[in-house]
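Visitor: Please take one part of this model and look at it closely with me, strand by strand. I should also like to hear how other parts of the chain are described in the same terms.

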Amino acid sequence: MTTPRKARPRTGHLAALAGLLLAGAAAAQQAPAADVPLVPAAGLVSGLPPAAAAPGTAAQQSGATRLVRDGLAVEFTFTATEGGGAPREGDQAELRFRITDAGSGEPVRGLSPAVWMDVAGGLSGGAGGHAECKEKVALYLKGLVGIRPVLDLNSYYLLVLNQDPSIAVIDPVVSMTGKTSLFATVLLPRPGADWVKARGDKRLFVSIPLVGQVAVVDTETFHLITTVPAGEAPTRLALAPSGRTLWVGNDARGKGQGGVTVIDVETLRPLASIPTGPGHHEIAFSGDDRYAFVTNRGAGTVSVVEVASLKKVKDLPVGPTPISIGWSSLSQRIYVADGKEGRITVIDPATLAVAARIQAKPGLGPMRFSEDGRWAFLVNSVEHVVHVVDAAQDRLAHAVKVPGKPYQLAITRAFAYVRLMDSEKVQMINLLSLGKQEPPIVNSFPAGERAPQAAGELSLADAISPAATDAAVYVNNPAEGLTYFYMEGMNAPMGNFSSYGHRTRAVTVVDRSVKELEPGVYGGTVRVPAAASYDVAFLLDSPRVLHCFPAEAAENPALATAAKAVKVEFLGTPVSIPLGTPIDLRLRLSDGKGRPRAGVRDVQVTSYRPPGYGRSQVTAVDAGDGVYQARLTLPAAGAWYLQVTVPSLDARPDEIPFRSLVVTAPAAGAPAR
């Protein structure tokens, strides 16, 4: 198999749209051309005819801006999530678009608007307007590094958990001239074992067994916020249905030491440590968030913990080796699989008693339920099958044969994806074919060229993750250090993303795209980056609408001033340079009010290739009026990052925007410089 370097789905549609929007605009001559490989971002559209270029009628109405065009009414609001007032810098704010039929007022459902938020005004420094709104959107669609909006509400990020103590953050849409899509790297205290996202994808929790902690990552800035003590050997993580508490399985080896630690998601403090029993722990919750069910693999039991009181109320015997657990939203019951006896025990949360037992075969492993709660899938690596339980009748419906040892599952609306230890092939069980007399339909695709077991130890966290878009998944191959992007209906993945030298374990997706919150209401939440006037670009495919709505964010006097002590602006930094060409880098330093910061002696510029190769540092000298200069030469071809630090002003690297560029190698046969 010849693996494509990068995924390219829907590139033609997006490139055509960008070209159409730029036609006849001044920015067409200024924007650098690039063949940028793209992965589809949620909400992007496939075309925009000239008719959409005509401005519509927009009016301010009681704090909202209302646009009427082609029989469609779009009402835009921008409010703080707490209190509902006008947002200030640093606030969590909600953007909402109420879309209705202009005549009847009925909500319009099932749309996929694309939304960007950027500082108000045109690209050429003017006041903006409809034409320059088109220019901005066209450039956003190109996915060029250095020409990005302040906030992209169509984006999502691919997160890869590495075997070393780090997480790679990959932007599947934006690429630096095709060289790298690495957006950030999050450093952890020690290697992570499992992870789970908070509601709204605003935070990521990672268990760190070697240091007894849970790491907390801000998924808006992709920085490690803090670590929380989480008991001995914290491993499996589960978020309660309310989203208020994080439950951590403590796989302690000592007798009677195993159990769960419960952490408050808001305060990031441990609330309780609850002994349940020895062995590894898997965790599930009743749908009403009343009970947590914790397996104790070393005791052959499931402990029932009351969520409100954080007290254990009962232990239920379920077999010698309870290996996985799940909740069915359809039957409103808990299902526990025993690996040794091959039996599935069904528990009724209303009575806290065993309601049924379903016999499969020894060798059961992980369990996953379909979104509707009807079908439970359980892998069996001994029998080379996937057992399918019908939760509507609590019976074994199918035993699907697979050509290898299954060990992990992921479920989308249409398929159950099955990862095999001893094969590069991923099996796909068609959900629509279940519950019939004929055997379920099974397809497959290759996710690489090597079997995952060649990597050695396999991850507890999932190596398959549904993408932010429908009908697509990411599949990590730890034996190759590559993550493959697959769209349903294709014979093979559309491309892959590199590990940038790391050995990989698991993948997940952080989704920032606009969603339909209620019938006809589309929105998303953002953290306001600064006090400013903004343009909120709104792009709709059908009906076809393009408009920039105004939004205002006020100053927040309660914010600490440390992050505003210094601002750095790169002046004229090239997007790419030939190998061996010196860079005369120019920077402008200013304070929070935009006033020049002169006379600073420790403006340092660090250059490196991701994830940290070829690191070197130079000091920029004061050239007057807040401008600083430094000359540097990057010694190798590839993608490079330039990071500025100013220690004397307490400006950390994560508070200053970085700049990226590409060093191009000379063409074969070209004369040496």
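Guide: The following account begins with one sheet and then turns to other hairpins, a second sheet and a disulfide. The model is predicted, so local features are taken only at pLDDT of at least 70 and side-chain atom pairs only at pLDDT 80 or more, while totals for chains, interfaces and linings use all residues. Residues are numbered from 1 along each chain as its sequence is written, and side-chain values use heavy atoms, with hydrogens and water left out.

The part chosen is an open sheet of 4 strands, in the order E26-E27-E28-E29, with antiparallel pairing. Strands, like helices, are DSSP runs numbered from the N terminus: a strand (E) has at least two residues, and a helix (H or I) at least four. Two strands count as paired if DSSP finds at least two bridges between them. E26 and E29 are the edge strands, each pairing on one side only. On average, neighbouring strands of this sheet are turned by 25 degrees against each other, direction ignored. For such angles, axes are lines fitted to C-alpha atoms, for helices over the stretch in contact, and the angles run from 0 to 180 degrees between N-to-C directions.

Strand E27, residues 375-380, deserves particular attention, as 6 of its 6 residues are buried. Here buried means under 20% relative accessible area, with exposed over 50% and partly exposed in between, for a 1.4 Å probe and protein chains only. Trp375, Phe377 and Val379 point one way from E27, while Ala376, Leu378 and Asn380 point the other way.

E27 pairs with strand E26, residues 364-369, in the antiparallel sense over 4 bridges. In this pairing Phe369 of E26 stands opposite Ala376. The two strands form a hairpin with 5 residues between them, and Gly373 in the turn has a positive phi of about 80 degrees. E27 also pairs with E28, again in the antiparallel sense, over 6 bridges. There Asn380 stands opposite Val385 in E28. The hairpin of E27 and E28 has 4 residues between the strands, and His384 takes a positive phi near 60 degrees.

Most residues other than glycine have a negative phi, and most peptide bonds are trans. Beyond E28, in the loop between E28 (385-390) and E29 (395-401), lies Asp394. Asp394 has a positive phi of about 50 degrees although it is not a glycine. With 16% relative accessibility, Asp394 counts as buried.

Another stretch of the chain may be described in the same terms. In the loop between strand E10 (195-197) and strand E11 (203-208) is Asp201, which has a positive phi near 60 degrees. Asp201 counts as buried at 17% relative accessibility. E11 then runs antiparallel to E12, joined to it by 6 bridges, and Leu204 stands opposite Val217 in E12. In their hairpin, with 4 residues between the strands, Gly212 takes a positive phi near 65 degrees. Strand E12, residues 213-218, is mostly covered, with 5 of its 6 residues buried. E12 is joined in turn by 6 bridges to strand E13 (residues 223-229), and these two run antiparallel. Gln213 has Pro229 in E13 as its bridge partner. The hairpin of E12 and E13 has 4 residues between the strands, and Phe222 in that hairpin has a positive phi near 55 degrees.

A second open sheet consists of 4 strands in the order E14-E15-E16-E17, with antiparallel pairing. Strand E14 (234-239) and strand E17 (269-275) stand at its edges with a single partner strand each, so one side of each has no neighbour in the sheet. The twist from one strand to the next averages 25 degrees. E14 pairs with strand E15 (residues 245-250) in the antiparallel sense over 4 bridges, and Ala238 stands opposite Trp247 in E15.

Finally, the structure holds 1 disulfide, the term for a pair of cysteine sulfur atoms within 2.5 Å. Cys133 and Cys548 form this disulfide, with their sulfur atoms 2.0 Å apart. Cys133 lies in helix H3 (residues 130-142) and Cys548 in strand E42 (residues 545-553), so the pair ties together parts 415 residues apart in sequence. The torsion about the S-S bond is about 85 degrees, and the disulfide is therefore right-handed. Cys133 is buried, with a relative accessible area of 3%, and Cys548 counts as buried at 16% relative accessibility.
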